[in-house]
Amino acid sequence: MSAVSPIGSSTCAMGFPCLHRVLVGLSMVGALSACDATPRLPPVTLEAQRVSWSEWRAKRTAFLSTPGRPMSYTALTWLKQGTSSIGSDSTNAVRLQGRDVPPNVGVLLRTGNAVRFEPAVGALVTIDSMPAAGQELRTDAGPKPSIVSVGTAGFRIVQRVDSLGVRAWDAERVSPEAIARQMAPLEYFPHDSAWRFAGTLIRREKPETLAVATTAGVAEVHIIVGTVRITLGDAVVDLTAYTGTGPTDLFFSFSDETSGEETYGFRFLHAALDTASNVVVMDFNYAYNPDCAFSAFTTCPLPPDGNRIGIRLPAGERMVRYLADEEKSVRAKALTELVRSRGAAAPPTDSVGRARP
C-alpha cells in the first residue's frame, strides 16, 4: 500500500493531545508572501523553554499511564458486519480482559459504519459512567467516543476509514507497579534550543483528505494542509504537514538518522503555526514516540514520502526500554525496517506526496 491515497472523508482522529498550544488559525488560501521571507522564531527565553518542556514531559508520562491509553490496551478487534458477542470468555468474538468482567457482557451489532451495543441482562456495565442501555456508540472519529466500562475493563469503537474496531483495555495494567515491571522510565535527550527551528508553511491551495498507511495495515484519515520548509544545516527540507488537534496545530510523522537505534522507528511531532507571519515553530525537543511503541493494539500513521530526514535529530523522546517483553523489542525493530524500506522503495510522487500512476 502506498503512503497516501485520496478518499472522500473529512474527519481526522489523533491519538495524542498537542501540549504546547498556539493562538492563531489556519487559512485555506494559497501560499502567502511570507513564504519568500526568512522565517524567525518568536522570542522565548531559554528558561521559559525549559520550564514548558519539563511540564510537557510530566503530562506525557501521565497520559501514557491513564486507563484507555496505550499502556493499558489489551486488544484491538476489527468488527464484521452483523452481531459480535463480547465478554471475558474466550468463545466471544470480542474478548475483554480484566478483573470482575463477566463471561458475557453483551453484543455489538455493526450496521454499515454504525455500532450498537446491547448489554447482557444483569451485567454491571456503564456507558460514559451511566448505567448501560441498548444504544448506538459514538466512534473515535468524533471528539467524544463512547466509553464502555465493566469491572476494570473498558472499550471504545475506533474508526479507520471504513474499518471499525473495538479497542479494549484493563485499568490495572497502568498501575505504577505494573508499569514498573514492563518498562524503564521514559528517557529524553537533554533539552537543546538548537533543535528549535522556524519553518515556513507552504500551503496547499485546498487541503486534501487522505487515507494514510498505518502500522496496523488499515488506513487512517488525515488531512494534508501543505509542507513546512525548514533549514537543517546546509539542507532545506520540506516536511508533509497534517492538521493536528486544532486549527493552529500541525502534526508530523517523521523519521531521522536516530530512528531504530537511539529512538523508535519513527516519531510524531506537533508544531505551532502563526498565521499572521506564516511561521511554524518546529521544536524537536517535543518529538515523541507513537502509540505503537507501547502497544501492538494501535494504528500509527507511518511517515509519508519525504518525511525521512537524512540527519540525526538527537532531541525529544528516546527509544523505550522494555524490561521483560522481548516481543515489543522485536516489533520495534520490524517497524524500523518497514519505514526504511518504504523510504528506499517509495514510488515516484507528485508535489503533494501522492503516488503517481
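Here are five short exercises, with worked solutions, on a predicted model of one protein chain.

**Exercise 1: Getting your bearings**

Find out how many helices and strands the chain has, and what share of its residues count as buried.

*Solution.* Start with the secondary structure: it comes to three helices and 18 strands. Next, take burial: of the chain's 357 residues, 48% count as buried. Finally, look at contacts between residues with a separation of 6 or more: 64% of these join residues 24 or more positions apart.

**Exercise 2: Sorting out two sheets**

Work out the strand order and the edge strands of the six-stranded open sheet, then do the same for the open sheet of five strands.

*Solution.* Take the six-stranded sheet to begin with. Its order is β2-β12-β11-β10-β7-β8, and the pairing is antiparallel. The edges are β2 (73–78) and β8 (130–131), each of which pairs on one side only. Step inward from β2 and you meet β12 (residues 163–170), joined to β2 in the antiparallel sense over five bridges. Here Y73 stands opposite W169 in β12.

Now for the sheet of five. Its strands run β4-β3-β5-β6-β9, with mixed pairing. At the edges sit β4 (94–95) and β9 (135–136), again pairing on one side only. Strand β3 (residues 82–87) pairs with β4 in the parallel sense over two bridges, and I86 stands opposite V94 in β4.

**Exercise 3: Into the core**

Identify the residues that touch the most other members of the largest nonpolar core, and the elements that supply at least two of its residues.

*Solution.* This core holds 51 residues, and V228, L250, F252, M282, F284 and F294 touch the most other members. Elements giving at least two residues each include helix α1 (46–64) and strands such as β13 (196–213), β14 (219–232) and β16 (249–254). There is also a second, separate core of 23 residues, with V101, V105, V115 and V148 among them. As a bit of background, nonpolar side chains in soluble globular proteins tend to be buried together.

Now zoom in on L64, which is found in helix α1. L64 counts as buried because its relative accessibility is 5%, below the 20% cut-off. Beyond its close sequence neighbours, up to four places away, L64 touches R69, P70, M71, V174, L186 and F294. L64 and F294 are 230 residues apart along the chain, yet their C-alpha atoms are separated by 8.7 Å.

**Exercise 4: A charge without a partner**

Decide whether R196 is buried or exposed, and whether R196 has a salt bridge.

*Solution.* First, place R196: it lies in strand β13. R196 is buried and has no salt bridge. The nearest side chain of opposite charge is D283, 4.1 Å away; a salt bridge needs the atoms within 4 Å, so this pair doesn't qualify. Then check what else is around. The backbone oxygen of P42 lies 3.4 Å from a polar atom of the R196 side chain. Leaving aside neighbours within four places in sequence, the contacts of R196 include L41, V44, Q49, V281 and M282.

**Exercise 5: Pairs that do form**

Find which residue forms a salt bridge with R321, and how far apart their closest N and O atoms are.

*Solution.* The partner is E187, with the closest N and O atoms 2.8 Å apart. This pair links distant parts of the chain, 134 residues apart: R321 is in the loop between β18 and α3 (326–344), E187 in the loop between α2 (176–182) and β13. R321 counts as partly exposed at 43% relative accessibility, and E187 does too at 31%. The chain's total comes to 13 salt bridges, including one between R116 and E118.

How values were computed. Residues are numbered from 1 along each chain as its sequence is written. This is a predicted model: local features need pLDDT of at least 70, side-chain atom pairs count only at pLDDT 80 or more; totals for chains, interfaces and linings use all residues. Side-chain values use heavy atoms; hydrogens and water are left out. A nonpolar core is a set of buried Ala, Val, Leu, Ile, Met, Phe, Trp, Tyr and Cys residues joined through side-chain atoms within 4.5 Å. Buried means under 20% relative accessible area, exposed over 50%, partly exposed in between (1.4 Å probe, protein chains only). Helices (H or I, at least four residues) and strands (E, at least two) are DSSP runs, numbered from the N terminus. Lys and Arg count as positive and Asp and Glu as negative; His and the chain ends are not counted. A polar contact is a pair of N or O atoms within 3.5 Å; within protein, one must be able to donate a hydrogen and the other to accept it, and residues adjacent in sequence count only if both atoms are side-chain atoms. Contact means heavy atoms within 4.5 Å. Two strands pair if DSSP finds at least two bridges between them.
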